[in-house]
Amino acid sequence: MSEMKKLFVTFSIVFLCALNFLNGQEAPSKEYKSNYEQVMARTKWWRQARFGMFIHFGAYAVPARGEWVKSNERLTTEQYQKYIDAFNPVDFDAKVWAKTAKKAGMKYAVLTAKHHDGFCMFDSKLTDYKLSNQFGGRDLVREFLDAFRAEGIKVGLYYSIIDWHHPDYPNVGNHPQRDDKEYAKRTFNWDNYLKYMHGQVEELVKNYGKLDIMWFDYSFGEYSGEKWKAKELVKMVRKYQPEIIIDNRLATNEGSSSKLRMINTLGDFETPEQGIPDAPLVDKYGNPIPWETCLTLNGVWGYNEFDHNWKSPELIVHCLVNCVSKNGNLLLNVGPDARGNIPVECVEILTEVGNWLERNGESIYGCGSSDLVKPDWGRYTQKGNMIYAHWLYPNLGQLNAKGINGENVKNVTLLKSGAELPHKKTWWGNSETGNYFITGSSTNDKPVKYDAVIKIELKK
């Protein structure tokens with residue numbers, strides 16, 4: 001972060017503190033402000049990237065009923081073993097995955113190194129419960145990291161802090177044997193489990209080169225924060241990966257109200273799942289909070305042979321625009337099949353999204369929210385003096401970019417072609433203050449499929 005930007009962030013926080021004080025609100029401590037500045041510095045690249053790929057891949061692709069099949073069907077480790085034995089992703093090619101993400105316009109990717117079933121996709125030295133033992137010694141995680149880095153895509157790893165396979169992890173929460181009274185009589189050595197879990201995370205952050213993201217999942221009830229020795233875990237992660245960013249799931253959420261939100265030292269960004277917040281997320285002092293919606297392309301994260309309820313390319317583009325218009329990211333999931341192929345339907349959808357981004361990515365990458373009120377016909381994103389009007393929904397007549405001062409406008413163009421668009425302050429006798437009418441098309445149809453982006457350049 002440059003000195004000028006540091007001064008700007010510090011001034012902004014001080015100004016907000018003064019407003020809070022005048023309004024009778026608590027002011028943030030020096031420690032909070034310091035941590036906040038570090039979080040914003042670490043997440044800068046990520047907040048500019050805006051669009052990433054989530055990959056849920058594991059032995060659960062064999063039963064092909066989603067990644068929670070072991071829990072949902074109360075399968076014992078012995079019953080689940082047949083899927084472990086059958087898992088052999090012979091078609092897996094990390095380079096193909098990486099090129100798919102690149103073509104989709106994704107700037108970072110996160111892969112499941114270990115999901116809740118405990119089966120490791122990396123060559124852990126702390127267990128034999130891993131793919132490399134039956135995959136010719138190949139380390140799938142390492143191949144993923146190498147291939148995506150080669151495409152210039154930032155890389156992250158998902159690691160489940162719960163484990164339905166480890167003998168010292170108790171049958172709590174959504175454990176497959178949660179209602180098994182005999183199983184509950186076993187002796188569980190929690191400290192031994194923590195040693196194992198911390199040890200595996202250390203393997204990942206120590207032995208696999210530079211990681212950009214660590215995506216932990218998940219806390220619940222009393223199993224939160226220091227139950228996981230979270231402070232110690234984060235300290236160890238940052239020892240090996242000082243620039244890494246970490247999600248917020250080492251602790252349970254502090255609440256859905258913005259008045260309760262805080263950025264803490266256990267995570268850098270919030271992770272709303274399968275939905276998009278109604279407004280930009282801020283802490284209780286009014287400071288923006290980095291956030292990312294994680295979203296499935298159909299209804300599940302892991303591969304499901306019978307779920308073909310795919311989200312359309314248009315819906316994905318709209319979700320991406322929605323997130324960015326609220327200072328958020330979109331992490332879009334694919335679930336490869338048991339052979340290691342990303343489903344054809346996923347590739348087709350991602351290709352369409354990538355085609356749109358190729359012409360309109362300027363309105364997404366490096367952009368955030370605008371102070372303009374959301375219009376009926378779409379949303380706004382903004383980057384400096386550039387406002388991007390996203391025409392998403394059917395509209396009659398001209399688009400009213402209400403709130404824009406026409407005297408301050410330098411150019412109005414259609415982003416995909418650079419063509420100048422007619423614009424004026426009045427239309428059909430409507431001369432209310434703040435109106436700014438733009439002709440986006442000669443008909444009622446959008447000139448660009450999914451989202452026609454109009455670039456409004458303001459005078460500096």
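A residue counts as buried here when its relative accessible area is under 20%, so tyrosine 223, at 10% relative accessibility, falls on the buried side. Keep that cut-off in mind as we walk through the aromatic side of this structure, which is a predicted model.

Let's stay with tyrosine 223 for a moment. Its ring partners with tryptophan 190 in an edge-to-face pair, with 5.3 Å between the centres and 80 degrees between the planes. Tryptophan 190 belongs to helix 9 (residues 190-207), while tyrosine 223 sits in the loop between strand 4 (213-217) and helix 10 (230-240), so the pair ties together parts that are 33 residues apart in sequence. Tryptophan 190 is buried too, with a relative accessible area of 17%.

These two rings have company. One aromatic cluster takes in Trp68, Trp164, Tyr169, Trp190, Tyr193, Tyr196, Tyr218, Phe220, Tyr223 and Trp228. Tryptophan 190 also has a charge to deal with: lysine 227 lies over its face, 5.2 Å from the ring centre. You can find another charge-over-ring arrangement at tyrosine 208, where the charged end of arginine 142 sits 4.2 Å from the centre of the ring.

Now for aspartate 168, which you'll find in the loop between strand 3 (154-160) and helix 8 (181-184). Leaving aside neighbours within four places in sequence, aspartate 168 is in contact with Thr187, Phe188, Asn189, Trp190, Asn192 and Tyr193. Two of those names, Trp190 and Tyr193, should ring a bell from the aromatic cluster. Aspartate 168 is buried yet has no salt bridge. The nearest side chain of opposite charge is arginine 186, and that is 9.2 Å away, whereas a salt bridge would need a nitrogen within 4 Å of a carboxyl oxygen. What the aspartate 168 side chain does have is a polar contact of 2.5 Å with the side chain of asparagine 192.

Stepping back, the aromatic pairs in the model come to 29. One of them joins phenylalanine 54 and tryptophan 301, edge-to-face again, at 5.8 Å centre to centre and with 70 degrees between the planes. This pair links distant parts of the chain: phenylalanine 54 is in strand 1 (residues 51-55) and tryptophan 301 is in the loop between strand 6 (291-296) and helix 11 (313-324), 247 residues apart. As for exposure, phenylalanine 54 is buried, with a relative accessible area of 1%, and tryptophan 301 is buried as well, at 9%.

Technical notes: Residues are numbered from 1 along each chain as its sequence is written. Side-chain values use heavy atoms; hydrogens and water are left out. Rings of Phe, Tyr and Trp (its six-membered ring) pair if their centres lie within 6.5 Å; planes under 30 degrees apart count as stacked, over 60 as edge-to-face and the rest as tilted. Helices (H or I, at least four residues) and strands (E, at least two) are DSSP runs, numbered from the N terminus. Buried means under 20% relative accessible area, exposed over 50%, partly exposed in between (1.4 Å probe, protein chains only). A charge sits over a ring if NZ of Lys or CZ of Arg is within 6 Å of the ring centre and within 35 degrees of the ring normal. Lys and Arg count as positive and Asp and Glu as negative; His and the chain ends are not counted. A polar contact is a pair of N or O atoms within 3.5 Å; within protein, one must be able to donate a hydrogen and the other to accept it, and residues adjacent in sequence count only if both atoms are side-chain atoms. Contact means heavy atoms within 4.5 Å.
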